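Visitor: I would like to learn how to read a protein model feature by feature. Could you walk me through one?

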Amino acid sequence: MAWLKLTSEALYLMKGGTNLFIDKVDLRDHNSEQEELILDVPRKWFQRGDIPKTMVIDVGSTEKPEKIIDTAFDSAAVFSKVVKRADWQAAAPTSRFEIVDRPNFIVIHHTDDANNSSNGTLEGAKTITKGIQGFHMGSERRWSDIGYNFLNTIGGTLLEGRSDSLAEAIKGNSVRGAHAATDNGNRSPGVANEGNFSVNKTMPNEQWESLVDLCAALCASCDIDPANIKGHRDFVSTTCPGDWLYQQLPRLRDRVAQRLAQ
Ligand SMILES: [Zn+2]
């Protein structure tokens, strides 16, 4: 197996699966810590025995596209409500993470906690976030920090997840996470919503409104098209974010677009 080292500019242009440059070829993580990726090539390439010997990746222009979101939405007001890591006594990350200056997506998750353990309180929100960090950094996962960039509990409390996620979101960037199992997904902010929405067929209004607010703030700040609010299962085979929440994504995109237009 041969490895092709891709520059950050190439990855920047290929992120989001635009397929402009590598039609119907998907990139996925092989080893995210090493930034190694796997190209999934179509089976038809191999059917006639003419296996390509050379792959040319045309990264085209490295200039950023024009800003697409034109809004007066007050992202700062939303970000100011986000509970910072120090407030939930986050453990320090064990490595530093790539800063992505133009995330394409927002990736919606659930925490897979059918018991709604936070009880809708601020203290409960901090406790479950600390618990998720412990799980992600513990012996089962051994990640360098909590995988999600943001969390949203049943009481509508928004919390900062992965280190520097809030400060970078305010600047329009995303901190590379470990939440979507693909390069495309991990380079975009991941938002974990407390609950299991395959079991729970609804979401408390406070939580829904906070989700709309956070998505609008991220779209405005990071210049993400609300149409690019995706579910975890859009990136990899998983039940996340649960059937009910996944079915609400069209409504979420509409509500975020409305909020940005106000
Ligand atoms: Zn997920």
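Guide: We will go from confidence to the sheet, then to a helix and its core, and end with the backbone.

Visitor: Before I trust any coordinates, what is the mean pLDDT of the protein chain?

Guide: This is a predicted model, so that is a good place to begin. The general idea is that where pLDDT is low, the predicted coordinates should not be read in detail. Here the chain has a mean pLDDT of 84, with 75% of its residues at 70 or more.

Visitor: Over which residues does pLDDT stay under 50?

Guide: One such stretch is residues 1–5, and the model gives it one contact beyond four places in sequence. Residues 7–24 are also below 50, but that stretch has 28 contacts in the model beyond near neighbours in sequence. Since low pLDDT is a reason not to read predicted coordinates in detail, I would leave both stretches aside today.

Visitor: On to the sheet, then. In what order do the five strands lie?

Guide: In general, the strands of a sheet pair through backbone hydrogen bonds, and the pairing is either parallel or antiparallel. In this model the order is β6-β5-β8-β4-β9, in an open sheet with mixed pairing. β6 and β9 are the edge strands, each pairing on one side only. From one strand to the next, the twist averages 25 degrees.

Visitor: Which helix packs on the sheet?

Guide: Helix α8, residues 249–261, does so, touching β4 and β9. The direction of α8 makes about 160 degrees with that of β9.

Visitor: Let me look at β4. In what sense does β4 pair with β8, and over how many bridges?

Guide: β4 and β8 (residues 190–193) are parallel, with four bridges between them. The pairing of β4 with β9 is parallel too, over three bridges. V107 is a handy residue to click on: its bridge partner in β8 is G190, and its partner in β9 is K230. Further along β4, H110 has N193 as its bridge partner in β8.

Visitor: Why is β4 called largely enclosed by the rest of the structure?

Guide: Because five of the five residues of β4 are buried; the cut-off is 20 or more other C-beta atoms within 10 Å. Both faces are covered, with I106, I108 and H110 buried on one side and V107 and H109 buried on the other.

Visitor: Now a helix. How far does α6 reach from its first C-alpha to its last?

Guide: The general picture is that an α-helix has 3.6 residues a turn, so residues three or four places apart point the same way. α6 has 18 residues and reaches 25 Å, close to the 26 Å expected at 1.5 Å a residue. Just after α6, D223 takes a positive phi of about 60 degrees.

Visitor: Is α6 mostly covered or mostly exposed?

Guide: Mostly covered, since 13 of its 18 residues are buried.

Visitor: Which residues have the most contacts inside the largest nonpolar core?

Guide: They are I106, L214, C215, L218 and C219, in a core of 40 residues. Helix α6, residues 205–222, gives this core its largest share, nine residues. Take L214 as an example: leaving out residues up to four places away in sequence, L214 touches V78, F150, N152, L158 and V191.

Visitor: Last topic, the backbone. Where is there a cis peptide bond?

Guide: Look at the bond from C240 to P241, where omega is near 10 degrees. P241 sits in the loop between β9 (229–231) and α7 (243–247).

Visitor: And which residue other than glycine has a positive phi near 60 degrees?

Guide: R142 is such a case, and R142 lies in the loop between α3 and β5 (150–152). N116 also has a positive phi, about 50 degrees, without being a glycine. You will find N116 in the loop between β4 (106–110) and α3 (122–137).

Visitor: Why does R142 count as exposed?

Guide: Because R142 has 9 C-beta neighbours inside 10 Å, and the cut-off for exposed is 12 or fewer. N116 has 19 such neighbours, so N116 counts as partly exposed.

Methods
Residues numbered from 1 in each chain as written. Predicted model: local features only at pLDDT ≥ 70, side-chain atom pairs only at ≥ 80, totals over all residues. Helix = DSSP H or I, 4+ residues; strand = E, 2+ residues; numbered from the N terminus. Core = buried A, V, L, I, M, F, W, Y, C linked by C-beta atoms within 7 Å. Contact = placed C-beta atoms within 7 Å. Pairing = 2+ DSSP bridges. Axes fitted to C-alpha atoms, helices over the stretch in contact; angles between N-to-C directions. Expected span 1.5 Å × (residues − 1). pLDDT = per-residue confidence, 0-100.
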